[in-house]
Amino acid sequence: MDLSRRPDKGLPPTARPLPAPGPPSGTDLTLLYRGPLSSCDFDCPYCPFAKRRDSREQLRADRAALERFTGWVAAQTGDRLRVLFTPWGEGLVRSWYRRALVELSRLPHVERVAIQTNLSCRTEWLAEADPEGVALWCTYHPGQTPYERFLTRCRELAERGIRFSVGVVGLPEHREDAVRLRAELPPHVYLWVNAAEGRTYTDAEADAWTELDPLFPYSRHPHRSAGLPCRTGESVVSVDGEGTVRRCHFVRAELGNLYDGSYRAALRPRACPLAVCDCHIGYVHLETLPLYDVFAGGVLERIPAAPPTTAA
């Protein structure tokens, strides 16, 4: 497939040629892809996939599934697409994920491709990617990798002009490292804090984390979502390694299959069927929250459009 570099990136908006019109069925869509990969090189105590190993057969299956998906994305030239890889394990230690980000970043109809990563891999491969089309959502896990190594990788990303955010899980034992990261990361890099799953924060604890991440209040409590309008199922979908399309990772009802096109007829506005939504990759799409404005241009990689102020 032709993955030629995007000639218009880097030009001011007024200098960019207008995109060729797509077919009437053209779709503007964000895809959250999660294949069968479940192995990780870290053993975080709060993660069920810590130090899990995939067999050779499982890795081959994951690679084949990913290559099928990227081939499908490359062929959808009449659509406008954004892709976020959300693997259960660590993807960037696998060559096929690095290659997928490079290839998709160069496609003119892919607005951006991003991945959630622990940043344990080297960064040299990003020299082949279009820096305006690729982004990383990086999580620092204290105790799993040397602090200086992680910080060095972040600085390398900044030097390469790669868009990225950095975050930590809001546990007391992570506080010191989070403070240090905020002080030593480039000022333009957003440091986010995820509320630890199942943890209740006192007001004093929440205030302390909010000093580091003004948007932490959005993460502190699960969001009531039952019956509320959400962009998932209309302009955002989840895709697994078989091509099964669902509205998001957290709602199991199927909308169809990516590869036979049956999902397209199912895209429409929907209310959330769940009582609450407590994960950023889910509640960021709730229409009752202002997060599409907060993260305008950076929803995929969790980068605010402007320096964040404290959430209401």
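This is a short tutorial chat about reading helix, strand and loop features in a predicted model.

Trainee: Let's start with helix α3. What should its 13 residues span, and what do the end C-alpha atoms give?

Mentor: The idea is to use a rise of 1.5 Å a residue, so residues 147–159 should span 18 Å. The end C-alpha atoms of α3 are 18 Å apart, which agrees.

Trainee: Which residues of α3 are buried?

Mentor: Look for Y147, F150, L151, R153, C154 and L157. They cover an arc of only 155 degrees around the axis, so they sit on the same side of α3.

Trainee: What covers those buried residues?

Mentor: The cover includes β4 (134–139), β5 (163–170) and α4 (175–184). While you're there, step just past the end of α3: G161 has a positive phi of about 75 degrees.

Trainee: On to β4, then. How do I read burial in a strand, and which residues lie on each side?

Mentor: In a regular strand, side chains alternate between the two faces of the sheet. In β4, V134, L136 and C138 are on one side, with A135, W137 and T139 on the other, and all are buried. That is six of six residues, leaving β4 mostly covered.

Trainee: Which strands pair with β4?

Mentor: β3 (residues 110–117) runs parallel to β4, joined by five bridges, and I115 has L136 as its bridge partner. β5 is also parallel to β4, again through five bridges; there, W137 stands opposite S165.

Trainee: And β9: is it enclosed or open?

Mentor: Four of the five residues in β9 (residues 236–240) are buried, so the rest of the structure largely encloses it. Check its pairings too. β1 (residues 28–34) runs parallel to β9 with five bridges, and L31 faces V237. With β10 (residues 244–248), β9 pairs in the antiparallel sense over two bridges, and S238 is opposite R246.

Trainee: What links β9 and β10 in that hairpin?

Mentor: Three residues lie between the strands, and G243 in this hairpin takes a positive phi near 90 degrees.

Trainee: One last spot: R231. Where is it, and what is the nearest side chain of opposite charge?

Mentor: R231 is in the loop between β8 (229–230) and β9. For a buried charge, try looking for a partner. R231 is buried yet has no salt bridge, and the nearest side chain of opposite charge, E287, is 5.2 Å away. A salt bridge here needs the charged atoms within 4 Å.

Trainee: What does R231 touch?

Mentor: Leaving aside residues up to four places away in sequence, R231 touches V236, V284, H285, L286, E287 and Y292.

Terms used: Residues numbered from 1 in each chain as written. Predicted model: local features only at pLDDT ≥ 70, side-chain atom pairs only at ≥ 80, totals over all residues. Heavy atoms only, no water. Expected span 1.5 Å × (residues − 1). Buried < 20%, exposed > 50% of the residue type's maximum accessible area, 1.4 Å probe, protein only. Arc of directions from axis to C-beta. Contact = heavy atoms within 4.5 Å. Pairing = 2+ DSSP bridges. Lys, Arg positive; Asp, Glu negative; His and termini not counted.
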